[in-house]
Amino acid sequence: MIVVAGEALIDLVPQHSGALAELLPRRGGGPYNTAVALGRLGSATAFFSRVSRDAFGEALLDGLVDAGVDVSSVQRGAEPTTLAVATIGADGSAAYTFHVEGTADRLFSAPGRLPAEARAVSFGTCSLVLEPGASAYEELMRTAAAQGVFTALDPNIRAGLIPDPDAYRARFKSWLPSVSLLKLSEDDARWLGGTPREWLAAGPAAVVITQGGDGLTAFTRDGAVHSVPGEPVDVVDTIGAGDTVNAALLHGLSVRGALSPTALAELGPRGWTGLLSFAARAAAVTCSRAGAEPPYARELGDQ
């Protein structure tokens, strides 16, 4: 089982250009999208979060269940669901304004233990910024790593939610000894500072950087660099594309029996090329449709 830990929220996506465009609610949140994508790809997946009991919260749970995700560990609360108002650029890229005060997902508390069948845990995005939940997710990350569970981190930086960038950057560096796989975008990398080699030296077995339409690149501890081009696609928007990459990487590693730092180091050029190409195809499908709608396994062919 792959556990995904983090926020579930509602994206409000404009239906056309203009400041007063109609907003369509879509299920979202980086970890939520990752969990749904993993479920659609066929991985046994569980979601760890705190979800509101409001109508949006019920819709979020329904989306997880429809994707085959185990929601038995989801905490519930009377607080409202977080809202993210999206702005879509001419190239399909998305920027967000968040409404997070007093919302359910930031009140997550660390569970006593992970499921016995958990082989990996994925973390990222707003959940590692907003307290008090951020400290609870951090505790879970460190506990999982100490137990030898494969850990994945996708920082998915939302700068508008980070009041003290330097403090966050220091905190990010403190997580790296507990991280097996670090995945981030070029924009995330620039904002955080540092290099893949510096991050690898701090702990991860591999670093994967997404480059939008230009593809993906993986850096490994042995000094190797593996790259694949992006898949050509008519972009509707990029909402959920990075989360789909995250899920495809985890799913592909699971299929290859590589959810451990040792196995990751043994993938080799052919293994990495196949894994990254699969992730690129998955992201392209997500970009071809509105909102975070990751693909099903049947849409992608060979894994």
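User: Let me start with a detail: which residue does valine 85 stand opposite in β8?

Analyst: Happy to help! This is a predicted model, and in it valine 85 stands opposite threonine 97 of β8. As a general idea, strands of a sheet pair through backbone hydrogen bonds, either parallel or antiparallel. Here β7 and β8 (residues 94–99) take the antiparallel sense, with 6 bridges between them.

User: Which strand runs parallel to β7, and how many bridges join the two?

Analyst: That is strand β2 (residues 9–14), joined to β7 (residues 83–88) by 3 bridges. To find the register, look at aspartate 11, whose bridge partner in β7 is alanine 84.

User: Now the sheet with β1 in it. What is the strand order, and is the sheet open or closed?

Analyst: The sheet is open and has 8 strands, in the order β4-β1-β9-β10-β11-β12-β13-β14, with mixed pairing. Its edges are β4 (45–48) and β14 (225–228); each has a single partner strand, so one side of each lacks a neighbour in the sheet. From one strand to the next, the twist averages 15 degrees.

User: In which sense do β1 and β9 pair?

Analyst: In the parallel sense: β1 (residues 2–5) and β9 (residues 120–124) share 3 bridges. A handy residue to look for is valine 4, which has serine 122 as its bridge partner in β9.

User: Which strands does helix α9 touch when it packs on the sheet?

Analyst: Helix α9 (residues 268–287) touches β12 (206–210), β13 (216–220) and β14, and its direction makes about 35 degrees with that of β14.

User: And how should I read a helix pair: at what angle do α1 and α7 cross?

Analyst: The idea is to compare the two helix axes. Those of α1 (residues 30–41) and α7 (residues 241–255) come within 8 Å and cross at roughly 45 degrees. The two helices are therefore oblique to each other, and their crossing is right-handed. On the α1 side the contact involves Gly30, Asn33, Thr34, Ala37, Leu38 and Leu41, while α7 contributes Asp243, Thr244, Asn246, Ala247, Ala248, Leu250 and His251. By type, the contact residues divide into 6 nonpolar, 6 polar and 1 charged.

User: Let's zoom out. How many helices and strands are in the protein, and what is its radius of gyration?

Analyst: The protein has 9 helices and 14 strands. Its radius of gyration is 18 Å, close to the 19 Å given by the globule rule for 303 residues, so the protein is as compact as a globular protein of that length. Along the principal axes, the C-alpha trace spans about 50 × 45 × 40 Å.

Notes: Residues are numbered from 1 along each chain as its sequence is written. This is a predicted model: local features need pLDDT of at least 70, side-chain atom pairs count only at pLDDT 80 or more; totals for chains, interfaces and linings use all residues. Side-chain values use heavy atoms; hydrogens and water are left out. Axes are lines fitted to C-alpha atoms, for helices over the stretch in contact, and angles run from 0 to 180 degrees between N-to-C directions. Helices (H or I, at least four residues) and strands (E, at least two) are DSSP runs, numbered from the N terminus. Angles under 35 degrees count as roughly parallel, over 145 as roughly antiparallel, 65 to 115 as roughly perpendicular and the rest as oblique. A crossing is left-handed if the near helix is turned anticlockwise from the far one by less than a right angle, and right-handed if clockwise. Contact means heavy atoms within 4.5 Å. Ala, Val, Leu, Ile, Met, Phe, Trp, Tyr, Cys and Pro count as nonpolar, Asp, Glu, Lys and Arg as charged, and the others, Gly among them, as polar. Two strands pair if DSSP finds at least two bridges between them. The radius of gyration is taken over C-alpha atoms; the globule rule is 2.2 Å times the number of residues to the power 0.38.
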